[in-house]
Structures are given as C-alpha cells and as structure tokens.
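Let's take a walk through a protein model together. Keep the picture open while you read, and try to find each residue as it comes up.

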Amino acid sequence: TDFKKNSLSAVDALSSWWNVALANTSITDSQLYQKLSDGPEGWGQGMPWLGSIARHQLLHAHYFSSDQKRQVVRMVALLSAYAVSDPEIGYCQGMSDLALPFLLLMEDDAMAFAAFKSFMQQASSLV
C-alpha cells in the first residue's frame, strides 16, 4: 500500500541519516532527539513509524485529558527515538515504565531522552 511504501521510505531515509550521524562524533543527544522525533508539537507531522490508526486513536481518545495526551505523545516520541537510535535493543515491553520517571522529572524532552539513553547504556553494560 502507499502508506507502507511511504513509511518504509521514511525509515530508510532516517536510517541513512543515522549512519551519517554515527560517523559525526560531534552530534549531541539534543540534536539526535530533535532529528529522530518532532516532539509533542510535531505529533501530526512526524514519527512516520507510528501507524495512522494509533495516531487517530490517541488524538480522538475521549478518556485522556489534553495533558494526559501530551504525556503519551512525549512517551511515544522518546521511546520511538530511542528504538531508532539503538536498533540492537529497539523497543521492549516495559520500557515505558523505565522512561516515565525521566519524562515526569524533566520538562525538556531532549534532556529526558539523553538521560534515558544513558540509563539504558549503563543497564545494558550490566547484563
């Protein structure tokens, strides 16, 4: 389908950018997060890997307040960016439980991403 082709081409473009970014050692976590995620303000525009059904369900969920929707969007953005930035681990069930404190304690999403990424690197070194 067209949606699948568009999603795959967006992921290919993101992967190409990621390979170039890895070669560039001066990229900061903040720049990385901004490239991998549009953040809450860009919800409708970015994150091509998120299905249109999931996006529609979240945006039209009557059981979430507007602040709760914002927090869910922040969570999806952080976990999506992390999954792309660390494809070996990707996303695993339960990561949202680990990421939530970073989002609740930090208003800056890029800072929360950097802290979560650092936490995951330290945790994976223990295994």
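## The largest pocket

This is a predicted model, and we can start with its empty space. The largest pocket has a volume of about 170 Å³. Why bother with a probe at all? Rolling a probe the size of a water molecule over the atoms shows where empty space is left.

Which residues line this pocket? They are V72, M75, V76, L79, S80, A83, Y91 and S96. Sorted by class, the lining has 6 nonpolar residues, 2 polar ones and no charged ones. Helix α4, covering residues 66-85, gives the largest share of the lining, with 6 residues.

## A closer look at helix α4

You can check the length of α4 with a bit of arithmetic. The helix has 20 residues, so at 1.5 Å a residue it should span 28 Å, and its end C-alpha atoms are indeed 28 Å apart.

Now look at which parts of α4 are tucked away. Its buried residues are V73, R74, M75, A77, L78, L79, S80, A81, Y82 and S85. Here's a handy thing to keep in mind while you turn the picture: an α-helix has 3.6 residues a turn, so residues three or four places apart point the same way.

## The nonpolar core

The largest nonpolar core has 17 residues, and the ones touching the most other members are L78, L79 and F116. The elements that give two or more residues to this core are α4, α5 (95-105) and α6 (109-126).

What does F116 touch, if we skip residues up to four places away in sequence? The list is L78, L79, Y82, M95, L98, A99 and F102.

## A loop residue: F64

Next, find F64, which sits in the loop between α3 (52-59) and α4. Is F64 buried or partly exposed? Buried would need under 20% relative accessible area. F64 has 29% relative accessibility, so it counts as partly exposed.

F64 still has company: setting aside neighbours within four places in sequence, F64 is in contact with L58, K69 and V72. You've met V72 already, as one of the residues lining the largest pocket.

## The whole chain

Time to zoom out. The protein chain has 6 helices and 0 strands, so from the N terminus on its elements run α-α-α-α-α-α. The chain has 127 residues, and 32% of them count as buried.

Finally, take the contacts between residues at least 6 apart in sequence: 53% of these join residues at least 24 apart.

Key. Residues are numbered from 1 along each chain as its sequence is written. This is a predicted model: local features need pLDDT of at least 70, side-chain atom pairs count only at pLDDT 80 or more; totals for chains, interfaces and linings use all residues. Side-chain values use heavy atoms; hydrogens and water are left out. On a 1 Å grid over the protein atoms alone, a cavity is a set of points where a 1.4 Å probe fits but cannot get out, and a pocket is an open set with protein on both sides within 12 Å along at least five of seven lines; lining residues have an atom within 4 Å of a point. Grid points are joined across faces, edges and corners, and a volume is the space filled by probe spheres set on the points. Helices (H or I, at least four residues) and strands (E, at least two) are DSSP runs, numbered from the N terminus. Ala, Val, Leu, Ile, Met, Phe, Trp, Tyr, Cys and Pro count as nonpolar, Asp, Glu, Lys and Arg as charged, and the others, Gly among them, as polar. A nonpolar core is a set of buried Ala, Val, Leu, Ile, Met, Phe, Trp, Tyr and Cys residues joined through side-chain atoms within 4.5 Å. Buried means under 20% relative accessible area, exposed over 50%, partly exposed in between (1.4 Å probe, protein chains only). Contact means heavy atoms within 4.5 Å. The expected span of a helix is 1.5 Å times one less than its number of residues.
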